[in-house]
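Visitor: Please take one helix of this model and go through it closely, together with whatever lies around it. Set it in the context of the whole chain, and give the cut-offs behind each term.

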Amino acid sequence: MTHASPRTALTGQPAPDFTLPSSGGDPVTLSSYRGHKNVVLVFYPLDFSPVCSMQLPEYSGRQDDFGDAGAVVLGVNRDSVYAHRAWAAEYGIEVPLLADMNLKVAHEYGVAIDERGTSQRAVFVIDREGVVRFEYVEEKTGDYTLRPEQVLAKVREL
């Protein structure tokens with residue numbers, strides 16, 4: 001059993017900013033949403049893995065609901081843009097998938113698992129001012145207990 005290093009909660013803190021390559025082609029900068037969109041950051045371990053292949057399509061399927069609530073969903077993991085594009089095409093995933101290949105962003109959010117070279121499964125809700133308002137980290141990477149509708153409820157509270 002591998003464990004991530006102890007993490008410090010980010011709720012109430014400014015979200016660590018980043019710019020990452022995206023499956024959509026253009027780099028995505030978190031702070032570019034400041035002032036007009038809430039952001040749901042979904043960290044997940046690996047493209048093409050069984051649980052992730054349920055989780056991200058579920059978020060993608062609720063993309064309009066998140067949009068109606070004033071939020072954008074961004075998937076983040078260590079896979080390349082090329083793997084993201086192939087996975088998105090195969091599973092019909094329309095949310096941007098960001099390539100954090102060196103786990104720098106996962107480290108900034110306290111969800112990197114260095115010995116595995118992946119991140120934990122985690123969700124961060126960031127408000128329009130760039131402040132983390134909700135965070136949830138699954139106990140095990142194979143767990144998927146926080147569903148998109150629960151996250152959507154958190155976004156609607158903002």
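Guide: What follows starts with the whole chain, turns to helix α3, and then moves out to its surroundings.

This is a predicted model, in which local features need pLDDT of at least 70 and side-chain atom pairs count only at pLDDT 80 or more, while totals for chains, interfaces and linings use all residues. Residues are numbered from 1 along each chain as its sequence is written, and side-chain values use heavy atoms, with hydrogens and water left out.

The protein chain contains five helices and nine strands. Helices (H or I, at least four residues) and strands (E, at least two) are DSSP runs, numbered from the N terminus. Their order along the sequence is β-β-β-α-α-β-α-β-α-β-β-β-β-α. The radius of gyration of the protein chain is 14 Å, in agreement with the value near 15 Å for a compact globule of 158 residues; the radius is taken over C-alpha atoms, and the globule rule is 2.2 Å times the number of residues to the power 0.38. The C-alpha trace spans about 35 × 35 × 30 Å along its principal axes.

Of the 158 residues, 49% count as buried, where buried means under 20% relative accessible area, exposed over 50%, and partly exposed in between (1.4 Å probe, protein chains only). Of the contacts with a separation of 6 or more, 67% are between residues 24 or more positions apart; a contact means heavy atoms within 4.5 Å.

Now the helix itself. Helix α3 covers residues 81–91, and its buried residues are V81, H84, W87 and A88. Seen down the axis, these four fall within an arc of 125°, so they line one face of α3. The arc is that of the directions from the helix axis to the C-beta atoms. An α-helix has 3.6 residues a turn, so residues three or four places apart point the same way. The other side of α3 carries the exposed residues Y82, A89 and E90. A89 has a relative accessibility of 64% and therefore counts as exposed. From the C-alpha atom of A89 to that of A112, 23 residues away along the chain, the separation is 26 Å. Just after α3 comes G92, with a positive phi of about 70°.

What lies over the buried face? The cover of the buried residues of α3 includes α1, β4 (71–77) and β5 (97–99). Helix α1 (residues 52–61) has its own buried set: C52, S53, Q55, L56, Y59 and S60. They span an arc of only 165° around the axis, which puts them on the same side of α1.

Y44 touches residues of both helices. Y44 sits in the loop between β3 (38–43) and α1 and, at 0% relative accessibility, counts as buried. Beyond its neighbours within four places in sequence, Y44 is in contact with C52, Q55, L56, G75, V76, N77, H84, W87, L97, S119, Q120 and R121. Among these contacts, H84 and W87 belong to the buried residues of α3, and C52, Q55 and L56 to those of α1. The C-alpha atoms of Y44 and E149 are 17 Å apart, with their positions 105 residues apart along the chain.

The loop between β3 and α1 also holds F48. Phi of F48 is near 65°, a positive value in a residue other than glycine. Most residues other than glycine have a negative phi, and most peptide bonds are trans. F48 has a relative accessible area of 40% and is partly exposed. L103, in the loop between β5 and α4 (104–108), likewise has a positive phi, about 60°, although it is not a glycine. L103 is buried, with a relative accessible area of 7%.

Helix α1 is also part of the packing of α5. In helix α5 (residues 148–156), P148, V151, L152 and V155 are buried. They cover an arc of only 105° around the axis, which puts them on the same side of α5. These residues pack against β3, α1, α2 (63–68), β4 and β8 (122–126). Thus α1 and β4 appear both in the cover of α3 and in the packing of α5.
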